[in-house]
Amino acid sequence: MQPLKIQNTLTGKKELFKSITKGFVGMYVCGPTVYSNVHVGNVRTFMSFDMIYRYLLHIGYKVRYVRNITDAGHLTDDASEDKISTKARLEKLEPMEIVQKYTVDFHKILQKYNLLPPSIEPTATGHIVEQIEAVQQILDAGLAYIVNGSVYFDVLKYNETNNYGILSKRKIEDSIENTRVLEGQSDKKNPQDFALWKRAEPEHIQRWNSPWSQGFPGWHLECTVMSTKYLGEQFDIHGGGMDLKFPHHECEIAQSEACNHKAPVKYWMHTNMLNLNGKKMSKSTGNHILPQEIYTGNNDILSKAFSPSVTRFFMMQAHYSSILDLSNEALLASEKGYNRLMEAIKNLNKLESTSSSTINIEAWKQKCYDAMNDDFNTPILIAHLFEAVKYINLIKDKKESITKQDLEILAETIKVFTYEVLGLTSSLQTNDDSDKLTGVVELLIQLRKEAKENKNYALSDEIRDKLLEKGIQLKDNREGTTFSI
Ligand code: AMP
Ligand code: ZN
């Protein structure tokens with residue numbers, strides 16, 4: 001097994017990864033709240049964990065990857081807003097219609113960006129019974145209290161014997177939940193406390209019976225309950241975006257400690273944000289762009305459409321823990337780089353081997369692994385892939401030479417890291433469906449050419465625009481028309 005190092009937010013150190021059970025990894029990642037379309041910022045976080053999942057699988061671990069769906073109303077602690085109920089009222093739909101619509105959108109988008117499905121995708125509404133049991137356990141441990149049918153976690157009491165702030169490194173007096181608690185509206189004893197169960201107001205649609213009131217669970221609780229149920233009281237990796245470190249993940253630790261008297265997670269991993277216009281991309285502020293607006297080109301920000309693969313390549317060019325700015329220039333540069341990599345892979349089968357190598361391929365291959373073993377350093381890995389692109393071009397021009405065996409290693413390694421680990425896809429990869437699609441697009445290109453020759457520009461434009469709506473972009477150049485999907 002490769003000696004993998006992971007930056008652990010809990011300890012603030014880069015640590016050698018040692019799974020709790022040899023050969024197996026349990027990984028939990030907080031999933032989306034399905035009340036609106038996922039934006040590309042959300043996609044970045046899920047893609048980072050997809051890359052991590054892929055690399056763990058590649059180096060031989062059996063991974064149980066659990067990523068939840070928050071479908072029970074994404075509650076702020078004061079319950080001033082339940083985004084699913086609000087949206088349901090606005091759109092005059094059942095909350096479960098909202099949930100279904102955006103869960104389907106979420107899956108469609110992640111599939112477009114070639115993310116592997118997790119092993120288990122549990123929903124909050126499917127685990128209400130377990131959440132009620134966990135609330136009771138925390139009450140029994142003396143670490144929660146009931147007010148008017150709601151149950152709150154007693155942070156100050158917990159902090160007497162534990163460390164509330166162990167993950168976020170906040171001092172208890174600074175860790176007041178950042179919510180809009182209106183004067184006199186909260187039942188909490190202390191501002192630090194958070195809801196485990198909330199009594200539902202009459203207008204609240206999603207509600208369940210419990211020993212305390214008809215109500216609904218607090219958001220933090222679902223992740224504690226579902227991660228414990230599917231991965232055990234202690235598991236290897238828990239991930240999410242940086243913005244979830246506090247209060248969400250801090251509260252998860254407190255709840256687990258209260259229930260099981262154990263630290264739930266060995267390695268906490270946090271991904272950094274995708275920015276737009278220098279600010280965090282966010283649903284609530286409206287500063288966002290949707291994935292479908294990028295690959296159809298239907299937006300006011302970018303000069304053209306960019307395929308999911310180019311966008312994925314752009315994201316992989318940054319380390320998961322760095323802030324990344326989305327811009328037209330950055331995507332154009334990534335497109336060039338992606339095309340160069342694909343072109344080199346295409347040229348692999350044109351290379352001729354010789355009796356000796358002038359390049360140390362084994363050393364290059366190890367550098368690729370070293371990059372990924374160093375806390376999944378994809379930008380360094382990509383730099384090594386471009387080193388291989390340089391080799392391929394030099395070998396093609398007969399300026400370097402390579403043996404048959406080394407050429408096989410080079411080809412295998414560059415493809416494994418590009419497709420299997422980074423999860424990029426290529427129009428060069430042929431399977432039945434993509435062959436058929438290519439054939440159909442080529443036929444449409446031919447029909448468009450004939451329409452142009454007959455001066456039927458309305459038809460030729462219609463073919464181009466309709467293909468673009470489907471995410472297929474045609475590019476006219478001197479050699480004819482090419483397309484990208
Ligand atoms: P949400 O549905 O808001 O809970 O977000 C789902 C995931 O996307 C969480 O892990 C967030 O941390 C993450 N996320 C939200 N905004 C961004 C962003 N601008 N860049 C990267 N990840 C984000
Ligand atoms: Zn969570």
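**Zinc site and ligand 1 environment**

In the predicted model, the zinc ion (ligand 2) has three protein donors, namely C30 through SG, C223 through SG and H248 through NE2, at distances of 2.0 to 2.2 Å. The spacing of these donor residues along the sequence follows the pattern C-x192-C-x24-H. C30 belongs to the loop between β3 (24–29) and α1, whereas H248 is part of helix α7 (residues 245–260), so this pair ties together parts of the protein that are 218 residues apart in sequence. With buried defined as under 20% relative accessible area, C30 falls in that class because its relative accessibility is 6%. H248 is likewise classed as buried, because its relative accessibility is 1%.

The shell around ligand 1 consists of 17 residues, and the closest of these are G41, T45, D243, L274 and M281. By residue class, the shell contains six nonpolar, eight polar and three charged members. Helix α1 (residues 40–58) supplies four residues, the largest share of the shell. Both domain 1 (5–271) and domain 2 (275–421) take part, each providing at least three residues to the shell around ligand 1.

Polar contacts to ligand 1 involve side-chain and backbone atoms of the protein. On the side-chain part, a polar atom of D243 is placed 2.4 Å from an oxygen atom of the ligand. The side chain of N42 also has a polar atom facing a ligand oxygen, with 3.0 Å between the two. M281 contributes through its backbone, where a polar atom lies 2.7 Å from a nitrogen atom of ligand 1. The ligand taken alone exposes 490 Å², of which 92% is buried by the protein. D243 and M281 thus appear both among the closest residues of the shell and in these polar contacts.

A further polar contact was examined within the protein, in helix α13 (residues 404–421), which holds T413. A polar atom of the T413 side chain is 2.6 Å from the backbone oxygen of I409. T413 has a relative accessible area of 5% and is therefore buried, since the class extends to values under 20%.

Notes
Residues numbered from 1 in each chain as written. Chains lettered and ligands numbered in written order. Predicted model: local features only at pLDDT ≥ 70, side-chain atom pairs only at ≥ 80, totals over all residues. Heavy atoms only, no water. Near = heavy atom within 4 Å. Polar contact = N/O pair within 3.5 Å; in protein donor to acceptor, adjacent residues only side chain to side chain. Areas by Shrake-Rupley, 256 points an atom, 1.4 Å probe, with all protein chains shown as cover. Helix = DSSP H or I, 4+ residues; strand = E, 2+ residues; numbered from the N terminus. Nonpolar A, V, L, I, M, F, W, Y, C, P; charged D, E, K, R; others polar. Domains from an automatic or database assignment. Donors = N, O, S within 2.8 Å, 3.2 Å for Na, K, Ca; no water. Buried < 20%, exposed > 50% of the residue type's maximum accessible area, 1.4 Å probe, protein only.
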